[in-house]
Amino acid sequence: MKPPLFLYLRPDSLEEALAAMHEHGDEARPLAGGQSLVPMLNFRLARPEVLVDLSRVEELVGTSCPGPSAISFGAMTPQRAAERLEKVRSTCPLVSMMLPFVGHVQNRARGTIGGSIAHADPAAELPALCLALGGTVVARNAEGERRLRADGFFGGPFTTALMPDELLTSVELPGVRREDVAFAEIARRQGDFAMAGVVAVRETAQTAVRLVAFGVGGTPVRLPRAEKILEGQELTPACIAEAASAAAGEVDPIEDLHADGRTRRALVDALVRRVLGELGSEGAR
Amino acid sequence: MSTAQAVSHFAISCEVNGTTVDRVVAVRQLLADFIREDLGLTGTHLGCEHGVCGACTVVLDGEAVRSCLALAVQADGRSITTIEGLSGDGLTSMQQAFRRAHALQCGFCTPGFIATLSVADPSDYHDEAGVRQLISGNLCRCTGYENIVAAVCEEWGIERS
Ligand code: FES
Ligand code: FES
């Protein structure tokens with residue numbers, strides 16, 4: 001249960017970090033907060049030749065508001081720091097609602113916003129949050145920058161559209177008001193990965209709801225059939241029930257020792273009811 | 001642009017329990033092992049070595065963190081407080097509350113709980129549920145948590161539900 005041998009680099013700037021990724025590419029792994037990568041090293045599930053520690057790259061830390069209703073997180077912003085920020089709560093309350101469910105307080109002290117999204121654990125909250133809000137992931141390599149939409153960013157379990165020499169540098173999320181977002185998850189214990197979770201975001205302009213489930217497949221997934229049912233509709237109990245059973249039918253749940261497929265479908269059904277119920281009552285206010 | 005050389009060992013300087021420590025560490029060494037093996041501070045315990053149990057919790061720059069999920073090299077320039085530094089010569093009042101409430105049996109988990117609690121702001125916690133959520137990152141195989149929750153509630157003046 002100790003990390004294997006590797007070589008270590010600690011760049012002091014983004015430029016140096018990108019140069020290191022350029023030089024070592026496939027052999028290198030960037031180290032963000034280490035709350036997923038270090039356990040994988042300890043289990044020897046990851047055996048990078050070179051570890052590029054981003055903890056001294058100050059340019060990657062911090063939050064900014066690129067527009068009146070948007071927030072951008074530097075990739076190395078600690079989750080715990082983001083959780084405490086009033087600016088986050090007021091601009092993008094969904095972030096403040098979901099962060100307390102990311103691991104435990106000790107994990108969030110080191111775990112970063114960008115690290116969790118780049119790691120792309122299918123049961124993690126932040127990738128689902130990013131997808132549900134229709135966020136943008138900014139990636140850089142030595143050649144330049146790419147802006148990637150969250151739709152399409154997550155390719156499979158622990159797999160993203162990032163290239164081997166690219167670093168996720170920031171994540172931009174549109175600010176959506178508290179009454180237009182809802183989130184629920186079910187985990188065995190506080191801080192565990194969810195057996196299933198659902199995020200709902202109302203797109204006010206289009207009377208449409210983006211629905212995302214996580215913990216049920218290889219990536220967080222949109223629920224297009226359920227979304228279709230909700231389009232232009234009032235969130236009445238009948239409409240919610242129809243959407244929930246469509247959602248349960250359209251997920252393709254993984255099975256593991258925590259829950260079998262049937263259980264996960266039932267959880268998705270229950271969670272969709274819960275989040276839509278919340279959205280409905282918020283909307284009616 | 002020249003890239004720095006990737007290294008297998010690194011000279012670090014950090015503050016541990018108020019004392020400056022200068023050492024050369026293997027970059028693959030975990031912070032927990034550095035604390036226990038190199039510094040001989042064996043009050044920091046290792047239960048799972050993969051971030052689940054919280055026995056290895058220490059205070060790093062004012063935050064409770066899992067020392068099995070940090071590399072020793074990452075402590076360079078940082079300040080660490082372990083259970084030895086938290087309690088000093090006597091017991092902290094939280095440790096005394098643990099003793100009064102019988103909040104430990106084997107005691108293996110206790111340093112981690114105390115480290116977590118030492119940096120928590122009691123004014124953030126108003127009820128038993130909040131306390132339980134705070135300590136959810138620390139596992140105890142003996143007590144069933146009842147007496148740990150009782151100790152924290154007593155210490156912070158929280159009425160139990
Ligand atoms: S030993 Fe670090 S969390 Fe268990
Ligand atoms: S007292 Fe034994 S593990 Fe907690």
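This note comments on the contact between chain A and chain B, on selected salt bridges, and on two places within chain A of a predicted model.

1. Conventions. Because the model is predicted, local features need pLDDT of at least 70 and side-chain atom pairs count only at pLDDT 80 or more, whereas totals for chains, interfaces and linings use all residues. Residues are numbered from 1 along each chain as its sequence is written, chains are lettered from A and ligands numbered from 1 in the order in which they are written, and side-chain values use heavy atoms, with hydrogens and water left out.

2. Extent of the interface. Chain B and chain A each bring 37 residues to the contact, where contact means heavy atoms within 4.5 Å. The area buried between the two chains is about 3200 Å², with 55% of it given by carbon and sulfur atoms; buried area is here the accessible area (1.4 Å probe) that two parts lose on being put together, summed over both.

3. Polar pairs and the chain B side. Between chain B and chain A there are 15 residue pairs in polar contact, both residues at pLDDT 80 or more (a pair of N or O atoms within 3.5 Å; within protein, one must be able to donate a hydrogen and the other to accept it, and residues adjacent in sequence count only if both atoms are side-chain atoms). On the side of chain B that touches chain A, strand 3 (57-60), strand 4 (63-66) and helix 5 (128-134) of chain B each supply at least two residues, and the largest share, four residues, comes from strand 4 of chain B. Helices (H or I, at least four residues) and strands (E, at least two) are DSSP runs, numbered from the N terminus.

4. Salt bridges between the chains. With a salt bridge taken as a side-chain nitrogen of Lys or Arg within 4 Å of a carboxyl oxygen of Asp or Glu, the count is 26 over all chains, and four are found across the interface of chain B and chain A. One pairs Arg84(A) with Glu63(B), the closest N and O atoms being 3.3 Å apart. In another, Asp76(B) meets Arg10(A) at 2.9 Å, N to O; Asp76(B) lies in the loop between strand 4 and strand 5 (79-81) of chain B and Arg10(A) in the loop between strand 1 (7-9) and helix 1 (14-24) of chain A, so the pair joins two chains. Asp76(B) has 12% relative accessibility and counts as buried, a class that means under 20% relative accessible area, with exposed over 50% and partly exposed in between (1.4 Å probe, protein chains only).

5. A network within chain A. Salt bridges link Arg149(A), Asp151(A), Arg210(A), Arg222(A) and Glu227(A) in a network. Within it, the closest N and O atoms of Arg222(A) and Glu227(A) are 2.7 Å apart; Arg222(A) is partly exposed at 27% relative accessibility, whereas Glu227(A) is buried at 11%.

6. Helix 8 and Gln79(A). Helix 8 (residues 125-133) of chain A is mostly covered, nine of its nine residues being buried, and Gly134(A), which follows this helix, has a positive phi near 65°. Gln79(A), in helix 3 (residues 79-84) of chain A, is buried with a relative accessible area of 4%. Not counting residues up to four places away in sequence, Gln79(A) touches several residues, including Leu99(A), Asn107(A), Arg108(A) and Leu126(A), and Leu126(A) is one of the buried residues of helix 8 of chain A.
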